[in-house]
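Welcome, and please open your viewer. We will go from stop to stop, selecting a few residues each time and looking at what is there.

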Amino acid sequence: MDDSSFLTGQILLALPGIGDPRFERAVIAMCAHDDQGALGVGIGHEIEGLSFHELLGQFEIDPGVAPDAPVHYGGPVEPRRGFVVHSTDWGGQDTIDVAGRWALSGTVDVLRAIADGTGPSRWIVALGYAGWAEGQLDEEMTRHGWFNVPGDAALLYDNTADRRWERSFARAGIDPRLLSSGAGTA
């Protein structure tokens, strides 16, 4: 099968006028996409009023050496389930490699490792995910709504959530202020 049509390891960006307020200015790290469906973790919006140290406290984990950081809105699916998008220098019991660009973990062992200083060197914590059924994302990509760019560490870790959307478009040579929220009718 030709994997070039799949978006694993890419960044999915919501175009202006996507039509779903849950995805306005969304930046999604695509962690899995194949003929069975797709899963991505939102990294473009922070959850107000919840920090990483507070999240660790909910699991009775001492923050240890972990810096406090924002927790991101990962997506509308299972918003109480946590995920960590992180560098590939650490792996746990459920860690999956994402096209050699980053890794994804979803169990508490990654939180413990980050707190005690033995975890991944770079990470983003999110609650929830964005998911698509078989063929759903492929069909959505044929109409207005989404744009994809290659994912890399700089886009993930060197930008704050509120800057990732613009910076990702800029990486593709696009000024998002010039994007239209509708398509032509010629």
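## Stop 1: a polar contact at Gln10

Select Gln10 and Asn148 and show their side chains: the two side chains make a polar contact of 2.5 Å. You are looking at a predicted model, so please keep that in mind along the way. Gln10 sits in strand S1, which covers residues 10-14. Is Gln10 buried or exposed? Its relative accessible area is 16%, and the limit for buried is under 20%, so Gln10 counts as buried.

Now bring up what surrounds it. Beyond its neighbours within four places in sequence, Gln10 is in contact with several residues, including Ile28, Ala29, Met30, Arg101 and Trp102. Asn148, Val149, Pro150 and Gly151 are also among its contacts.

## Stop 2: aromatic rings

Next, look for rings. How many aromatic pairs does the structure hold? There are six aromatic pairs. Select Trp132 and Trp146 to see one of the pairs, which is edge-to-face, with 6.2 Å from centre to centre and 80° between the planes. Trp132 belongs to strand S9 and Trp146 to strand S10 (residues 146-150), so this pair ties together parts that lie 14 residues apart in sequence. Trp132 and Trp146 are both buried.

Add Phe23 to your selection: Phe23, Trp132 and Trp146 make up one aromatic cluster.

Then move to Trp165 and Phe169. Why is this pair called edge-to-face? The ring centres are 5.1 Å apart and the planes stand at 80°, so the pair is edge-to-face. Both residues lie in helix H5, four residues apart, which is about one turn of the helix. In general, an α-helix has 3.6 residues a turn, so residues three or four places apart point the same way. Trp165 is buried, with a relative accessible area of 6%, and Phe169 is buried at 0% relative accessibility.

## Stop 3: the largest pocket

Turn on a surface and select Phe59, Arg80, Arg81, Gly82 and Leu127. Among the 17 residues that line the largest pocket, these five lie nearest its centre. The volume of this pocket is about 250 Å³.

Which elements supply at least two residues each to this lining? Colour helix H1 (52-58), strand S6 (77-86), helix H2 (108-116) and strand S9 (123-132) to see them. S6 gives the most, with six residues. Sorted by class, the lining holds ten nonpolar, five polar and two charged residues.

## Stop 4: helix H2

Stay with H2 for a moment and select Val110, Leu111, Ala113, Ile114 and Ala115, which are buried. What do the buried residues of H2 pack against? Their partners are H1, S6, strand S8 (102-105) and S9. After H2 comes Gly117, whose phi is positive, near 85°.

## Stop 5: the second largest pocket

Select His72, Trp123, Ile124, Asn159 and Arg164. These residues lie nearest the centre of the second largest pocket, which has a lining of 14 residues. About 180 Å³ of space lies in this pocket.

Strand S5 (70-73), S9, helix H4 (153-157) and helix H5 (161-171) each supply at least two residues of this lining. S9 gives the most here, with three residues. By class, you will find eight nonpolar, three polar and three charged residues.

## Stop 6: the cavity

How many cavities of 30 Å³ or more does the structure hold? There is one, and about 70 Å³ of space lies in the largest cavity. To find it, select Arg22, Ala26, Gly42, His45 and Tyr73, the closest to its centre of the 13 lining residues. The lining divides into seven nonpolar residues, five polar and one charged.

## Stop 7: Gly75

For the last stop, select Gly75 in the loop between S5 and S6. Is Gly75 buried or exposed? At 3% relative accessibility, Gly75 counts as buried. Draw a line from its C-alpha atom to that of Val41: the two atoms are separated by 6.4 Å, although the residues are 34 apart along the chain. Leaving aside neighbours within four places in sequence, Gly75 is in contact with Leu127, Gly128, Tyr129 and Ala130. You may recall Leu127 from the lining of the largest pocket.

Notes:
Residues numbered from 1 in each chain as written. Heavy atoms only, no water. 1 Å grid on protein atoms, 1.4 Å probe; cavity = no way out; pocket = protein on both sides within 12 Å on 5 of 7 lines; lining within 4 Å. Points joined across faces, edges and corners; volume = space filled by probe spheres on them. Nonpolar A, V, L, I, M, F, W, Y, C, P; charged D, E, K, R; others polar. Phe/Tyr/Trp six-rings, centres within 6.5 Å; stacked < 30°, edge-to-face > 60°. Buried < 20%, exposed > 50% of the residue type's maximum accessible area, 1.4 Å probe, protein only. Polar contact = N/O pair within 3.5 Å; in protein donor to acceptor, adjacent residues only side chain to side chain. Contact = heavy atoms within 4.5 Å.
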